[in-house]
Amino acid sequence: MSAEEASSTGCDTSFVPNKGERGLTVLCTKPKILFCDLKLQPGESRTFEYEDAIPTDAPPSFRGQAVKYSYKFIIGTQRPGSATKLLRIPFRVMVMPGLNDLSVYNETDEIRPSNPFLHNQGKENSVLDIALQVMATVTARKAPHSYNITNVKGKVAKFMLFKQAFKLGEDIVGIFDFSEGTVPCVQFSVTLQSEEQISEECRRKPGQGSAITSYVKQQEMCLHTVRTYINLPIPLTATPAFMTDIVCQRWRLHFEFVTSLSAISSAQDLAANAEQGGQWRGPATLDVETMVWDLPIKVFPTNPLHASSVTLLKTDCTVLV
């Protein structure tokens, strides 16, 4: 990554982090001076450490169709009488909702269990530890959820989902049961989608609707199928559900069922009516209709170590003064 050189006339020699950026700055921490009047001899090097905290109510990194949130480290250096050079290092931020008040998750001494085998007894958990505990709790498998899929003509299938809250990188596993269906289902498809909805006061057009992004799709033929399953992985590069004053990000499973308007005989029915059995052949044409169903789900962040494993590229950012 090359450094961006600002103009050296007037006040342009001052450190302006958002200079040249497009869009609106929604979060900017206070600049910190790492060194001043630094002189290095040939072959000499110095190391400086930088640490800053991101507010818990900050928006996550998000690249939608209408809104984009991006985070960068802005490093500025300057030699006397020269222009300021800026180095922008992008990084990703994942936000776990409900961590504004950490005192709710830290146990007091009165209610903390007394265990002599715990080494961290009496030590408050860090923000990362609390976030990982909350994610593990809300995304744990509890009781399966069952849904009866019906239309005006009867029952199509029964769908069972083991849980409704997932983490990035997890697989969404569900089971379809067509054994009790009265309406023949020929084909079905399931698509993992995210919905980006802009607040009314921030819309460019009054009629601007929601933007749908599809990630993974599974499609199967299910005529005369008794039971089958779905397995949709959630990409680690996606953005979990969140809500700000500008945009709201939701997740859902989009189902499409192709059902037959008339009954279709099976090989078992043909064998029962024939004395010596028979051979079943599917009809050349079918009179079908399509029904859709959207099932909302919750998607939370994952461990930052897992999220960073999606890329193995090593980056080297330098600024030359």
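**Salt bridges and strand pairing in a predicted model**

Good morning. Lys155 has a relative accessibility of 18% and is therefore classed as buried, since the cut-off for that class is under 20%. Please bear in mind that the structure under discussion is a predicted model.

I begin with the partner of Lys155. The side chain of Lys155 forms a salt bridge with that of Glu180, at an N to O distance of 3.2 Å. This pair connects distant parts of the chain, 25 residues apart: Lys155 belongs to strand 7, residues 154-161, while Glu180 sits in the loop between strand 9 (171-177) and strand 10 (185-198). Is Glu180 buried or exposed? With a relative accessibility of 55%, Glu180 is exposed, whereas Lys155, at 18%, is buried.

How many salt bridges are there in the model? The count is four, and I shall discuss three pairs, including the one just described.

The second pair is Lys163 and Glu170. Their closest N and O atoms are 3.1 Å apart. Lys163 is buried, having a relative accessible area of 15%. Glu170 is partly exposed, at 22% relative accessibility.

The third pair is Asp294 and Arg252, whose closest N and O atoms lie 3.2 Å apart. Asp294 is in strand 15 and Arg252 in strand 14, so this salt bridge ties together parts separated by 42 residues in sequence. As for accessibility, Arg252 is buried at 18%, and Asp294 is partly exposed at 34%. Why can such pairs form at all? Side chains carrying opposite charges can pair when their charged atoms come close.

That brings me to the strands themselves. In which sense do strand 14 and strand 15 pair? Strand 14, residues 247-260, is antiparallel to strand 15, and ten bridges join the two. Within this pairing, Asp294 of strand 15 stands opposite His254. Asp294 thus appears twice in this account: opposite His254 in the strand pairing, and in a salt bridge with Arg252.

Strand 15, which covers residues 288-300, also pairs with strand 8, residues 165-167. Here the two strands run parallel, and three bridges join them. In this case Ala165 is the residue opposite Lys298 of strand 15.

To summarise, strand 15 pairs with strand 14 in the antiparallel sense and with strand 8 in the parallel sense. In the salt bridges discussed, Lys155, Lys163 and Arg252 are each buried. Among their partners, Glu180 is exposed, while Glu170 and Asp294 are partly exposed. Thank you for your attention.

Terms used:
Residues are numbered from 1 along each chain as its sequence is written. This is a predicted model: local features need pLDDT of at least 70, side-chain atom pairs count only at pLDDT 80 or more; totals for chains, interfaces and linings use all residues. Side-chain values use heavy atoms; hydrogens and water are left out. Two strands pair if DSSP finds at least two bridges between them. Helices (H or I, at least four residues) and strands (E, at least two) are DSSP runs, numbered from the N terminus. Buried means under 20% relative accessible area, exposed over 50%, partly exposed in between (1.4 Å probe, protein chains only).
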